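Reader: Hi! Could you walk me through this protein model? I'm new to this, so plain words please.

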Amino acid sequence: MTTEPLPVQNDAGVTKTPRALARARKRQSLARFWREYRTHRGGLWGLAGLILIALIAVFAPTLAGADSQSVTDAPGGALESPSGEFPLGTDQFGRSVLALLVWGARVSLTVGLLAAFLCVAIGTVVGIVAGHFHGWYSTVLMRVTDWFLVMPTLVLAIALATVMDRSIWTVILAIGVTTWPTTARLVRAQTLAVESRPYIERARALGGGHGHIMARHVLPNVMPLVLAQTTLVISSAILTEATLAFLGLGDPTITSWGGMLQDAREAGAVSAGDWWYLAPPGIAIALVALSFTLCGRAIESVLNPKLGVAR
């Protein structure tokens, strides 16, 4: 037999169910978060940049055309300088660099978001488990974390991308499984701080098991840190993807900003001075990384005002 939660009367005399009160508190928290976030100019600039780049990625087929990546139907000549028809010039096959840049935004953002999600998911699970349990559980997990932490991330990612098939999923997996230790360390420290609070002891005294405490008490309290860490990890993932593609370890069948830099190098754009082929993807990578970093710093400052991040 189940019992419905009793309605609660607020200060205004309106009766609401506990579920409705919880939704109202969430809306108030989001509104308060946005009010604080708007005071950070850097965070607003970063958010505006991310929205613009996301719109470009979503509407890439409309903006650049579905056939703009074709080598056989390229509309221009090889390595043409910027002109009215090709604002950013052409590549070695005669394709518009601007069209390739638009298509590359889709791949780079996808890789960055999915790799960051995988990285943060692994780091959060390891951090919470290592912080909640004690003894050999925590010792083993943290020794594995330390091993990944001291190993060069890029070297591990290159090794994984080399032995596996060259595809976008290989790049996502290589980045995700090599960049989680920092997140795990941060989440473990936050978990230890949360579990030292009195309400955790009350939950244990009332019969709360390990899964209940980690899922209902610890995870909600570490999520603000995880959210801020995610925005910072995305920029790092995009840079790592560009590095792997530049080294020739990406998927050769898709267009990404790192792959464009690799194609420009192979085409001799560096020695020939064809700056229009090199500069746009490099600037795009830098702008996306900067936008995510600005958003991450703003979110971190809102969630933890003691950091004193400049506004």
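Author: Happy to, and we'll go through some helix pairs, one threonine and the cysteines. Keep in mind that this is a predicted model.

Reader: Cool! How do people describe two packed helices?

Author: Two packed helices are described by the angle between their axes and by the distance between those axes.

Reader: Okay, so at what angle do α9 and α10 pack?

Author: Helix α9 (residues 198-205) packs with α10 at about 170°, and their axes are 11 Å apart. That angle makes α9 roughly antiparallel to α10.

Reader: Which residues in α9 and α10 meet?

Author: From α9, you have Tyr199, Ile200, Ala203 and Arg204, and they meet Ile213, His217 and Asn221 in α10. Sorted by class, this contact has four nonpolar, two polar and one charged residues.

Reader: Nice. What about α5 and α8, how far apart are their axes?

Author: The axes of helix α5 (residues 136-150) and helix α8 (residues 181-194) are 9 Å apart, and the angle is about 140°. That makes α5 oblique to α8, since roughly antiparallel needs an angle over 145 degrees.

Reader: Is the crossing of α5 and α8 left-handed or right-handed?

Author: Left-handed, as α5 passes α8.

Reader: And which residues of α5 and α8 meet?

Author: On the α5 side there are Ser138, Met142, Arg143, Thr145, Asp146, Phe148 and Leu149. Their partners in α8 are Pro181, Thr182, Ala184, Arg185 and Arg188. By class, the contact of α5 with α8 has five nonpolar, three polar and four charged residues.

Reader: Switching topic! Where does Thr231 lie?

Author: Thr231 is in helix α10, which covers residues 210-246.

Reader: Is Thr231 buried or exposed?

Author: Thr231 is buried, because its relative accessible area is 11% and the cut-off for buried is under 20%.

Reader: What does Thr231 touch?

Author: Leaving out residues up to four places away in sequence, Thr231 touches Phe292, Cys295, Gly296 and Ile299.

Reader: Oh, a cysteine! How many disulfides does the structure hold?

Author: Zero.

Reader: Why is there no bond for Cys295?

Author: The closest cysteine sulfur to that of Cys295 belongs to Cys119 and is 18 Å away, so it is too far for a bond. A disulfide needs the two sulfur atoms within 2.5 Å.

Reader: Are those two cysteines buried or exposed?

Author: Cys119 counts as buried, with 0% relative accessibility. Cys295 is buried too, with a relative accessible area of 4%.

Reader: Thanks, that was really clear!

How values were computed:
Residues numbered from 1 in each chain as written. Predicted model: local features only at pLDDT ≥ 70, side-chain atom pairs only at ≥ 80, totals over all residues. Heavy atoms only, no water. Helix = DSSP H or I, 4+ residues; strand = E, 2+ residues; numbered from the N terminus. Buried < 20%, exposed > 50% of the residue type's maximum accessible area, 1.4 Å probe, protein only. Contact = heavy atoms within 4.5 Å. Axes fitted to C-alpha atoms, helices over the stretch in contact; angles between N-to-C directions. Parallel < 35°, antiparallel > 145°, perpendicular 65-115°, else oblique. Nonpolar A, V, L, I, M, F, W, Y, C, P; charged D, E, K, R; others polar. Left-handed = near helix turned anticlockwise from the far one by under 90°.
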